[in-house]
Amino acid sequence: MATTIIIVSGLLIIAATSLQAAVGLYSITARTLSANRFDRARLALFKDRASVILKRVEADRAKLELTWNGKRKFRVARRVYEDPNKDICSFYLHPHDNKQVPPFFPGQFLTFELPIPGQAQPVIRCYSLSDGPVEEAQYRVSIKKLGPPPKAPADTPPGLSSNFFHDNVQEGDIVEVFAPAGEFYLNQESVRPVVLIGGGVGLTPVVSMLNWLASTHSNREIWFFYGTRNRNEHAMYENIQQIEREHPNINTVIAYSQPSDTCKEGVDYDHKGFVGVDLMKAKLRSNNYVFYICGPPPMMDMVTKDLEEWGVPEEDINFEAFGPATVKKTSSTDTAEPDADAETFDVEFSRSKLKVKWAANMGTLLELAEANGVKARSGCRAGNCGTCLTALKQGDVDYLSKPGKKPEAGSCLTCITRPKSNLVLDI
Ligand SMILES: Cc1cc2nc3c(=O)[nH]c(=O)nc-3n(C[C@H](O)[C@H](O)[C@H](O)COP(=O)(O)OP(=O)(O)OC[C@H]3O[C@@H](n4cnc5c(N)ncnc54)[C@H](O)[C@@H]3O)c2cc1C
Ligand code: FES
């Protein structure tokens, strides 16, 4: 019987490209199974699975019908601080045209174009959707206010977009938003046990996954690891506690790296220290889970490396960085001048009618463009958002890191590429 169910589920998945076909096949299958007096528990499991697939088919259709090209205006309906320190603020966004918005996959992000006073160009930044699926015509993003990095010179400006949101974007204001995007998202059809790992504000995409799993009453085994400094920086406290209380199959593990005297172990947090693979080994039954990770670069580097060493296959380790550098690289090794002995390539920016030399000390194509005054669009500067996607009229490029989604041949993401040959770029 198990084989029958697997075969039938497989058929259902294939047929699910059409909602009607999926509905038809599901009801025929369900009738057949009942008529043969199959085990009720298995039938219930099968029904659950079919219902997830049908919902996904519906969501895909709604996504196609409701998505938009370019920017769309959204009104900030509500602002809510998510932590006692008020470092993370959620913004609830309603479409200004009051029409429906497309559903998104938990883990995806929105891209904002912000007219920040004093900036020569609109500032583009990505923020993960931080809630579960869209029930109403609403999205939510949760933004951490960024100060200058520790040890930065005293005149270093704070984060542009995050401070603009916190200090200037009020309820009733309008913001311009690109449609949900991103390749880091929960596989909603999978029934495998899943581990969600969030560090600092990197909890946003994994909380979206957690909320989705909870609200769809998934019966997968679910673990949620969240690392933060202490109770003052602990975001979405109630939301996470309530989910754990109400769902026996969802386990949360909260790690505080610097708990204060008022932080209660066993109530506010479970572990003193960082979220690492040792902690996971102590909690999980095995390494046979699908992992989704988002957090600060050192945490991500350590966790992904240690998971691999633990024997977790690469395809089960999904991660997203919020961008290694949201500001232009200021490294002294990257300049606008080629090194005399470095290998060089000619790069032509065809629209800007400019030809320059690139050498290995000159950074990415985006940095080369900016250093030469070419108006190149950018957002995450980390290969995630697609804002810098540029047609490659001639030549080939090397990717310095793995893009969220590799562009089609004939185009490239300038923020994470360097020339491999002489190039002509359509900027
Ligand atoms: C896919 C994706 C999803 C994301 N989701 C979220 C999310 O859900 N929530 C969230 O809060 N963020 C998220 N981010 C990060 C977000 O997009 C921004 O990168 C973040 O808010 C910082 O942007 P900013 O404009 O405030 O800071 P920036 O202006 O880009 O500055 C970043 C840092 O550099 C410092 N800095 C500025 N100038 C200099 C200088 N000259 N020298 C040295 N340091 C300098 C600033 O003080 C600041 O600390 C996400 C990013 C990506 C790519
Ligand atoms: S700027 Fe986001 S992908 Fe290049």
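## A parallel sheet of six strands

Gly199 stands opposite Gly227 of strand β8. This pair belongs to a predicted model. Strands β7 (residues 194–199) and β8 (residues 222–228) run parallel and are joined by six bridges.

Both strands sit in an open sheet of six, ordered β10-β9-β8-β7-β11-β12. The pairing is parallel. At the edges are β10 (271–272) and β12 (317–320), and each of them pairs on one side only.

## Helices across the sheet

Two helices can be placed against these strands. Helix α5 (residues 203–215) lies across β7, β8, β9 (250–256), β11 (290–294) and β12. Its direction makes an angle of about 145° with β7.

Helix α8 (residues 297–309) lies across β7, β11 and β12. Against β11, helix α8 runs at about 165°.

## Nonpolar cores

Which residues have the most contacts inside the largest nonpolar core? They are Leu196, Phe224 and Tyr292, in a core of 29 residues. At least two residues of this core come from each of β7, α5, β8, α6 (237–246), β9 and β11. Helix α5 gives the most, with eight residues.

A second core is separate and has 24 residues, among them Cys89, Val101, Ile116 and Val169.

Leu196 shows how the main core is knitted together in sequence terms. Leaving aside residues up to four places away, Leu196 touches Val206, Met209, Leu210 and Leu213, among others. Its contacts also include Ile222, Trp223, Phe224 and Phe225. Tyr292 is another partner of Leu196.

## A mixed sheet of five strands

Another open sheet has five strands, in the order β14-β13-β19-β15-β17. Here the pairing is mixed. The edge strands are β14 (354–359) and β17 (411–413), each paired on one side only. From one strand to the next, the twist averages 35°.

Within this sheet, β13 (residues 344–349) and β19 (residues 423–425) run parallel, joined by three bridges. Glu348 has Val424 of β19 as its bridge partner.

## Helix α4 and its cover

Helix α4 spans residues 160–168. Which of its residues are buried? Ser161, Ser162, Asn163, Phe164, Phe165 and His166 are.

The cover over these buried residues includes six strands: β1 (71–81), β2 (88–95), β3 (109–114), β4 (123–128), β5 (139–144) and β6 (174–181).

## Cysteines

How many disulfides does the structure hold? Zero. A disulfide would be a covalent bond between the sulfur atoms of two cysteines.

Is Cys263 buried or exposed? Cys263 counts as buried because its relative accessibility is 9%, under the 20% cut-off. Cys126 counts as partly exposed because its value is 21%, and the partly exposed class lies between 20% and 50%.

## The whole protein

The protein has nine helices and 19 strands. Of its 427 residues, 47% are buried. Its accessible surface comes to about 21,800 Å². Carbon and sulfur atoms account for 51% of that surface.

Contacts in the protein often span long stretches of sequence. Among those between residues at least 6 apart, 66% join residues at least 24 apart.

How values were computed
Residues are numbered from 1 along each chain as its sequence is written. Chains are lettered from A and ligands numbered from 1 in the order in which they are written. This is a predicted model: local features need pLDDT of at least 70, side-chain atom pairs count only at pLDDT 80 or more; totals for chains, interfaces and linings use all residues. Side-chain values use heavy atoms; hydrogens and water are left out. Two strands pair if DSSP finds at least two bridges between them. Helices (H or I, at least four residues) and strands (E, at least two) are DSSP runs, numbered from the N terminus. Axes are lines fitted to C-alpha atoms, for helices over the stretch in contact, and angles run from 0 to 180 degrees between N-to-C directions. Buried means under 20% relative accessible area, exposed over 50%, partly exposed in between (1.4 Å probe, protein chains only). Contact means heavy atoms within 4.5 Å. Accessible areas come from the Shrake-Rupley method with a 1.4 Å probe; for residues, only the protein chains shown count as cover. A nonpolar core is a set of buried Ala, Val, Leu, Ile, Met, Phe, Trp, Tyr and Cys residues joined through side-chain atoms within 4.5 Å. A disulfide is a pair of cysteine sulfur atoms within 2.5 Å.
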